[in-house]
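Hi,

Here is the structure I promised to pass on. Have a look at it first, and my notes follow below.

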Amino acid sequence: MRRKKEWLVFGLGITLIVMCIWKFGGTLWLITGQRVLEKSVSNTVRLFLPEYYVEEDREVKAWRSIGACVWPGYYSSEETKGAVPGDKYVQAGKDITSEVYIVEDETTNYESLAREENLNYESMLRENHLAKETAASVQDGPQVDGSLSGGDGGIVGGEKVCVINREKLNDFDYLCQNFYIIDSSTTADSSVLNAKTLLGKDMTVSREGEDPQILIYHTHSQEGYADSVPGDSGSSVVAVGNYLAELLTNQYGFSVLHHTGEYDVDDRDHAYSNAAPALQQILADNPGIQVVIDLHRDSVREETHLVTEINGKQTAKIMFFNGLCKPPEGSMWNLQNPYLEDNLAFSLQLQIAAAEKYPDFTRRIYLKGYRYNMNYCPKSLLVEVGAQNNSLQEAKNAMEPLADILAEVLQ
């Protein structure tokens, strides 16, 4: 009788185990199977592709490893600690679903930069739309001490129409809110954006010697306007550069070299890296160059029209652009710009000059976390002139006030 009870208890135990397996076996198998698969893939990656093996906090991230193998330039993560050759990462900002990291070294920096910007095109359009909506704050905010002369958003004879209160610019929050847009790919504090320091820098150029003093070139020479003919430099941003060079030479007496090399034909992703050697060679051949201007055309939503009226002319708005070489969480790669402070001083002084002479002409200065070949000359300037839906004439008209404020700051 006792033995029968033992068999009965044993049978009930077996039945209970079978029921549990029947009930929960799928979940247990799913968890166990995933873990086994993850371990197998990770070990395979570690064995055959050790350079792509990633381990964080003692937990193997096999799927990150697979992503790095297939797309070595791009993968999503909240924190990156080694793995891809070069061991240098740049946080390029957050898109809708994840944080994107790009492998950075001296040979791949510009390609990665361009690819990231192309992949995040919609995000850039949203940010540009924000710039359009907020650009007027420079004129509407309390930083203007008072009007000096009349005029509907422009000047007559190069006179100032208002004065920017320099004391208020020492308030970091005030400075950022009225004069800058800081992209999610970077960060800035008062040690970087110090108005007193930046406005105190001497931006004048020497006109001694026969060498050109100003270089104008185009990293993206294929950028055109609403009425441009594709492939025709006579109707693209290059034509806008021609007009700026003419104004600076004939009206303001500068010696200007306009370089029309093409670096984005059929390969926009490599434009910055393609342009860098040529830029260095030009500077080496022309040691008198003290100002480098990279002239671009922006992209915005079609319903946004970046235009204002200056001296009775429909004029495309412009935007100064700076790369800070600095992602949000601190320096994560070895990209250096010894002229960063000079770059920032140049754009801010031009922005102030424009606000005082040509209200509503400039959008706020855009700051992003890269370098943009601005590390070769202290007075380097990247300018976005209008957008794809501006006319070529509107873009050319913008060169007249731009040349005027350049002359004011440089002489």
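A definition to start with: the expected span of a helix is 1.5 Å times one less than its number of residues. Please keep in mind that this is a predicted model.

With that rule, helix α11 checks out nicely: its 19 residues should span 27 Å, and since its end C-alpha atoms are 27 Å apart, the two values agree. The helix runs over residues 392-410, and 15 of its 19 residues are buried.

Where do those residues go? The largest nonpolar core has 62 residues, and L244, I293, V385, L402 and L406 have the most contacts inside it. Helix α11 supplies the largest share of this core, with 11 residues. There is also a second, separate core of 10 residues, with Y263, A275, V292 and C377 among them.

What does α11 pack against? One partner is helix α8 (residues 237-250): the two axes come within 9 Å and cross at roughly 35°, in a right-handed crossing. On the α8 side the contact includes V240, L244 and L248, and on the α11 side M399, L402 and L406. By class, this contact has 12 nonpolar, 2 charged and no polar residues. In soluble globular proteins, nonpolar side chains tend to be buried together.

L244 is a good residue to click on. Beyond its neighbours within four places in sequence, L244 touches M399, L402, A403 and L406, and also I216, I293 and L295.

Enjoy exploring!

Best wishes

How values were computed: Residues numbered from 1 in each chain as written. Predicted model: local features only at pLDDT ≥ 70, side-chain atom pairs only at ≥ 80, totals over all residues. Heavy atoms only, no water. Core = buried A, V, L, I, M, F, W, Y, C linked by side-chain atoms within 4.5 Å. Buried < 20%, exposed > 50% of the residue type's maximum accessible area, 1.4 Å probe, protein only. Helix = DSSP H or I, 4+ residues; strand = E, 2+ residues; numbered from the N terminus. Contact = heavy atoms within 4.5 Å. Axes fitted to C-alpha atoms, helices over the stretch in contact; angles between N-to-C directions. Left-handed = near helix turned anticlockwise from the far one by under 90°. Nonpolar A, V, L, I, M, F, W, Y, C, P; charged D, E, K, R; others polar.
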